[in-house]
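The labels on a model are worth checking against their cut-offs. The turns below take the labels one at a time.

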Amino acid sequence: MPEFLTDWGLLVITFVPLAGALLMMLIPQENEETHKQVSLLASLLALALGVWYLFDFNYGAAGSLQYVVDENWIDVINSRLIMGLDGMSLPLMMLSVFVMPLVFIYSWDHIPHPGNAKSFLILMLILETGMIGTFLAQDLILFFVFFEVVLLPMFFMIAVWGGEDRRYASLKFFLYTLFGSAIMLLGFLALFFLSKDPVSGELMRTFDMRALSDVAGAGIVRSSQLLIFGAMFLGFGVKVPLFPFHTWLPDAHTQAPTQGSVILAAVLLKLGTYGFIRIAIPMLPEAAEAWAPWIGLFAVIGIIYGALGCLAQTDMKRLIAFSSVAHMGFVMLGIATLTDFGINAAIFGMVAHGLITGMLFFIAGSVKDRYHTLDIKRLGGMLLQAPKLGWILGFTVMASLGLPGLAGFWGEFPAILSAYQPANGIPEETFRGYMVIAAVGT
């Protein structure tokens with residue numbers, strides 16, 4: 001592989017989809033086939049680069065950043081263009097580049113009403129750049145930019161190509177995530193202004209995530225740490241979505257076109273959980289320890305609430321959406337333990353949930369296409385009417401419920417197990433209680 005890709009490959013993989021979107025802007029709207037080809041090609045190029053990283057990555061040094069890009073960006077606020085890949089971001093970047101070509105292939109014959117393939121596909125390419133960039137950014141401002149880039153394309157995908165209540169769902173999604181992000185940005189700014197060098201005691205005034213993780217909140221008084229962590233908890237918690245910030249998700253999933261539901265479930269929900277393990281916990285470990293019982297509490301409430309919510313649904317997409325609230329509860333429970341085992345379980349759970357729930361939404365889209373309804377009462381007998389689709393649905397549902405041997409099990413079971421022995425300083429009895437509740441919630 002050329003040295004250029006080793007040095008600049010992360011920028012290439014991030015902006016290849018955006019370059020495809022810019023190229024499509026020059027192509028007339030009538031050339032639908034060309035638009036489909038360009039969008040698929042751009043996503044396949046990103047996938048090819050991702051596969052190269054998968055094989056070239058040094059797994060012996062997975063804990064340190066590799067292929068680092070570090071260039072000047074916004075000097076006036078001391079923000080730099082820093083990107084890097086490690087064992088935490090590699091599986092999530094691969095999830096993003098793997099899911100997107102599938103979405104473009106699905107879109108070939110399924111551009112939702114009211115049509116306009118050009119705009120629809122361009123929005124998805126911009127989404128892909130935002131998702132990949134979020135997982136690779138190592139500067140808080142750069143992270144925030146990519147984190148927010150995904151907001152508008154998803155808003156328009158729901159608002160223009162969504163179902164009957166699309167305006168309500170899209171506005172709810174937009175306001176929730178925008179509010180959470182605004183509070184989160186305040187937390188980032190507080191870190192910038194308050195973090196001190198533990199050796200010299202001087203203010204650091206940096207957004208470099210590597211440096212802020214190294215000092216781990218040194219020089220910031222405990223009360224401020226708790227407030228800053230609370231700001232990040234709100235921003236990332238809305239995106240997960242963690243109970244009680246989850247109410248936008250069922251509406252967004254139900255009204256979004258199939259492609260929007262797949263991207264939302266497979267990747268966008270992971271931006272919140274990734275933010276916890278990449279930013280909030282390593283930068284403010286003392287505050288994370290204080291917040292951990294609360295995060296665990298909201299996680300197990302989400303598991304039970306999501307499970308009960310599933311039982312009450314009559315719409316297939318809404319049912320899958322409520323199951324996502326429960327599944328992300330398991331991920332957050334693993335994160336709340338603050339142990340290596342719990343966080344590894346959470347990362348595995350994030351990837352497993354992305355693959356399984358993405359697949360479930362693809363199936364829901366196919367069911368809607370054939371049966372013209374997602375009403376569960378009217379879908380009985382699928383194995384007789386559409387045996388192949390029925391068996392695929394059955395297999396994916398088994399993975400979703402956590403059948404041993406399938407991906408869902410390896411996301412959920414270790415997360416429950418990690419709650420038995422949380423990190424030092426976290427109340428063991430409390431987390432063992434959470435473990436029992438989570439086990440019931442499966």
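**Labels and their cut-offs**

Q: Why is Phe146 called buried?
A: Phe146 has a relative accessible area of 5%. Buried means under 20%, exposed over 50% and partly exposed in between, with a 1.4 Å probe and protein chains only, so Phe146 counts as buried at 5%.

Q: What kind of model do these values come from, and which parts of it count?
A: The model is predicted: local features need pLDDT of at least 70 and side-chain atom pairs pLDDT 80 or more, while totals for chains, interfaces and linings use all residues. Residues are numbered from 1 along each chain as its sequence is written, and side-chain values use heavy atoms, leaving out hydrogens and water.

Q: How many aromatic pairs does the structure hold, and what makes two rings a pair?
A: There are 28. Rings of Phe, Tyr and Trp (its six-membered ring) pair if their centres lie within 6.5 Å; planes under 30 degrees apart are stacked, over 60 edge-to-face, and the rest tilted. Phe15 and Phe146 are one of these pairs, at 6.0 Å centre to centre and 45 degrees between the planes, and the pair is tilted.

Q: How do you know that this pair links distant parts of the chain?
A: Phe15 is in helix α1 (residues 3-25) and Phe146 in helix α5 (residues 140-149), 131 residues apart. Helices here are DSSP runs of H or I with at least four residues, strands are runs of E with at least two, and both are numbered from the N terminus.

Q: Why is Phe15 called partly exposed?
A: The relative accessibility of Phe15 is 33%, so Phe15 counts as partly exposed.

Q: What makes the pair of Phe233 and Phe276 edge-to-face?
A: Their ring centres are 6.1 Å apart and their planes stand at 65 degrees, so the pair is edge-to-face. Phe233 lies in helix α9 (residues 222-239) and Phe276 in helix α11 (residues 258-283), so the pair ties together parts 43 residues apart in sequence. Phe233 and Phe276 are both buried. Ring pairs also join them to a cluster whose members include Phe143, Phe147, Phe188 and Trp291.

Q: How do you know that a charge sits over the ring of Phe147?
A: The charged end of Lys239 is 4.5 Å from the ring centre of Phe147. The label requires NZ of Lys or CZ of Arg within 6 Å of the ring centre and within 35 degrees of the ring normal. Arg432 likewise lies over the face of Tyr420, at 3.9 Å from the ring centre.

Q: Why is Ser181 called buried, and what does Ser181 touch?
A: Its relative accessible area is 2%, so Ser181 is buried. Ser181 lies in helix α7 (residues 166-194). Beyond residues up to four places away in sequence, Ser181 touches Phe144, Phe147, Glu148 and Gly235; contact means heavy atoms within 4.5 Å.

Q: What makes Phe193, in the same helix α7, partly exposed?
A: Phe193 has 42% relative accessibility, so Phe193 counts as partly exposed. Leaving aside neighbours within four places in sequence, Phe193 contacts Leu203 and Arg205.

Q: How do you know that β1 and β2 are paired?
A: Strand β1 (residues 66-74) and β2 share six bridges in the antiparallel sense, and two strands pair if DSSP finds at least two bridges between them. Glu71 stands opposite Leu81 in β2. Strand β2 (residues 79-85) is mostly covered, with six of its seven residues buried.

Q: What is unusual about the phi of Asn78 and of Tyr67?
A: Most residues other than glycine have a negative phi. Asn78, in the loop between β1 and β2, has a positive phi of about 60 degrees. Tyr67, in strand β1, has a positive phi of about 55 degrees. At 37% relative accessibility Asn78 counts as partly exposed, whereas Tyr67 is buried at 11%.

Q: Which peptide bonds are cis, and what are their omega values?
A: The bond from Val240 to Pro241 is cis, with omega near -10 degrees. A cis bond also joins Phe243 and Pro244, with omega about 5 degrees. Pro241 lies in the loop between α9 and α10 (248-255), and Pro244 is in the loop between α9 and α10 too.

Q: How many helices and strands are there, and why is the chain called as compact as a globular protein of its length?
A: The chain has 18 helices and two strands. Its radius of gyration is 21 Å, close to the 22 Å that the globule rule gives for 442 residues, so the chain is as compact as a globular protein of that length. The radius is taken over C-alpha atoms, and the rule is 2.2 Å times the number of residues to the power 0.38. Of the 442 residues, 58% count as buried.
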